Amino acid sequence: MNADLERLIALQKLDSTADAARRTLAAEPEHEQALEARLEAATQHVADAKEKLAANKNARGALEKDVAVHQGRLSKFREQAMAVKTNQEYHAIQHEITFAQTEIKKIEDSILERMMESDDLTLAVKAAEAQLAAEQKAIVADRRAVTAAHGEMEAALERITVERAALIAELDKQVLGTFEAVSRKRNGVAMSEARGGVCTICHVRLRPQVFNTVRRNDSILQCDHCNRILYFVPAPAAAAAAPDASPQPAS
Ligand SMILES: [Zn+2]
């Protein structure tokens with residue numbers, strides 16, 4: 001293979017790796033924000049669940065007070081019923097007693113409903129708290145992974161800078177100029193594999209003569225359409241380059 005072409009392939013590999021590392025590093029603040037949003041949502045969920053439970057307790061407290069008021073009236077009416085003189089008075093008091101009893105029954109039903117609701121709300125608080133704890137744990141692990149990856153990527157970028165400088169020093173200046181110009185224009189991807197007569201990045205079919213020349217990997221040729229520098233990966237040669245690889249079972 002043309003030595004410069006080989007260097008360009010290596011250079012592209014370094015550039016693409018560096019690009020991916022830089023993009024991941026640049027996305028870290030956004031990633032952290034997403035983690036914080038998750039934590040905030042889980043915390044809010046707990047607060048909401050607790051608020052609902054507290055509202056339920058307050059409602060129950062108010063209902064219990066109402067029951068007490070009606071019970072107070074009821075005992076007063078019962079005392080009065082002992083002292084009535086006329087039939088008419090007796091019926092009037094009985095009417096009040098029945099009314100108070102009905103009210104008490106209604107409110108007690110309401111209290112029972114709140115109590116059942118309270119069981120569900122207590123479970124909801126526990127579930128929200130468990131979810132918050134799980135989120136906190138996941139987020140700590142995630143942050144630890146980000147920190148580790150951050151260190152690895154910075155080390156990789158340093159290594160790439162050194163390797164890149166060495167490659168560039170050996171490259172023909174004009175060839176490097178072409179690579180850099182295409183790279184700037186094509187989002188950092190200046191190299192494209194030609195396979196089956198097609199540029200694998202822009203998918204345009206190459207002229208047969210061009211593809212035949214690319215297959216020899218002995219010159220710097222650009223795709224007519226996307227201008228990327230073309231290279232060819234011969235399948236048997238790839239297998240020969242890795243003699244240690246055990247033969248793959250036919251599938
Ligand atoms: Zn192309």
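Q: Donors are N, O and S atoms within 2.8 Å of the metal, or 3.2 Å for Na, K and Ca. Which residues are the protein donors of the zinc ion here?
A: Welcome! One thing to know at the start is that this is a predicted model. The zinc ion has Cys199, Cys202, Cys223 and Cys226 as its protein donors, each through its SG atom. They lie 2.3 to 2.4 Å from the ion, and that falls within the 2.8 Å limit.

Q: How are the donor residues of the zinc ion spaced in sequence?
A: The pattern is C-x2-C-x20-C-x2-C. Read it with the names in hand: Cys199, Cys202, Cys223 and Cys226 are the four cysteines. As for their surroundings, cysteine 223 and cysteine 226 are both buried.

Q: What is the geometry of the zinc site?
A: Start with the ideal: four tetrahedral donors would make angles of 109.5 degrees at a metal. In this model the angles among the four donor atoms of the zinc ion run from 101 to 117°. The site is tetrahedral, because four donors count that way if all angles lie between 85 and 135 degrees.

Q: Let me step back to the whole chain. How many helices and strands does the protein chain have?
A: There are six helices and four strands. From the N terminus on, the order is α-α-α-α-β-β-α-β-β-α. You can follow that order along the structure as you look at it.

Q: What does the radius of gyration say about the protein chain?
A: Compare two values. A compact globule of 251 residues would come out near 18 Å, but this chain has 40 Å. The box around its C-alpha atoms, taken along the principal axes, is roughly 125 × 40 × 35 Å.

Q: What share of the residues counts as buried?
A: Of the 251 residues, 28% do. The accessible surface of the chain is about 16,700 Å², and carbon and sulfur atoms hold 55% of that area.

Q: How should I read contacts by their distance in sequence?
A: Take the contacts with a separation of 6 or more, and ask what part of them joins residues 24 or more positions apart. In this chain the answer is 70%.

Q: What about charged side chains: how many salt bridges are there?
A: The general idea is that side chains of opposite charge can pair when their charged atoms come close. The rule asks for a side-chain nitrogen of Lys or Arg within 4 Å of a carboxyl oxygen of Asp or Glu, and by it the count is 12.

Q: Which residue forms a salt bridge with arginine 23, and how are the two placed?
A: The partner is aspartate 19, with the closest N and O atoms 3.0 Å apart. Both sit in helix α1, four residues apart, so about one helical turn separates them. Arginine 23 is exposed at 56% relative accessibility, whereas aspartate 19 is partly exposed at 30%.

Q: Where do glutamate 129 and lysine 50 lie?
A: Their side chains meet in a salt bridge, 3.5 Å from N to O. Glutamate 129 belongs to helix α3 (residues 87–170) and lysine 50 to helix α2 (residues 28–83), so the pair ties together parts 79 residues apart in sequence. Glutamate 129 is partly exposed at 35%, and lysine 50 is partly exposed at 43%.

Q: Is aspartate 4 buried or exposed?
A: Aspartate 4 has a relative accessible area of 14%, so it counts as buried, the limit being under 20%. Its salt bridge is with arginine 7, the closest N and O atoms being 2.7 Å apart. Both residues lie in helix α1 (residues 3–26), three residues apart. Asp4 and Arg7 are also linked with Glu170 in a network of salt bridges. Beyond its neighbours within four places in sequence, aspartate 4 has contacts that include Leu171, Val175 and Ile220.

Q: One last feature. What is notable about phi of asparagine 187 and of asparagine 227?
A: Most residues other than glycine have a negative phi. Asparagine 187 has a positive value, near 55°, and asparagine 227 has one near 70°. Asparagine 187 sits in the loop between α4 (173–185) and β1 (191–195) and is exposed, at 71%. Asparagine 227 is in the loop between β3 (221–222) and β4 (229–231) and is partly exposed, at 28%.

Terms used:
Residues are numbered from 1 along each chain as its sequence is written. This is a predicted model: local features need pLDDT of at least 70, side-chain atom pairs count only at pLDDT 80 or more; totals for chains, interfaces and linings use all residues. Side-chain values use heavy atoms; hydrogens and water are left out. Four donors count as tetrahedral if all angles lie between 85 and 135 degrees; four count as square planar and six as octahedral if opposite donors are over 155 degrees apart and all others between 65 and 115; anything else is irregular. Buried means under 20% relative accessible area, exposed over 50%, partly exposed in between (1.4 Å probe, protein chains only). The radius of gyration is taken over C-alpha atoms; the globule rule is 2.2 Å times the number of residues to the power 0.38. Contact means heavy atoms within 4.5 Å. Accessible areas come from the Shrake-Rupley method with a 1.4 Å probe; for residues, only the protein chains shown count as cover.
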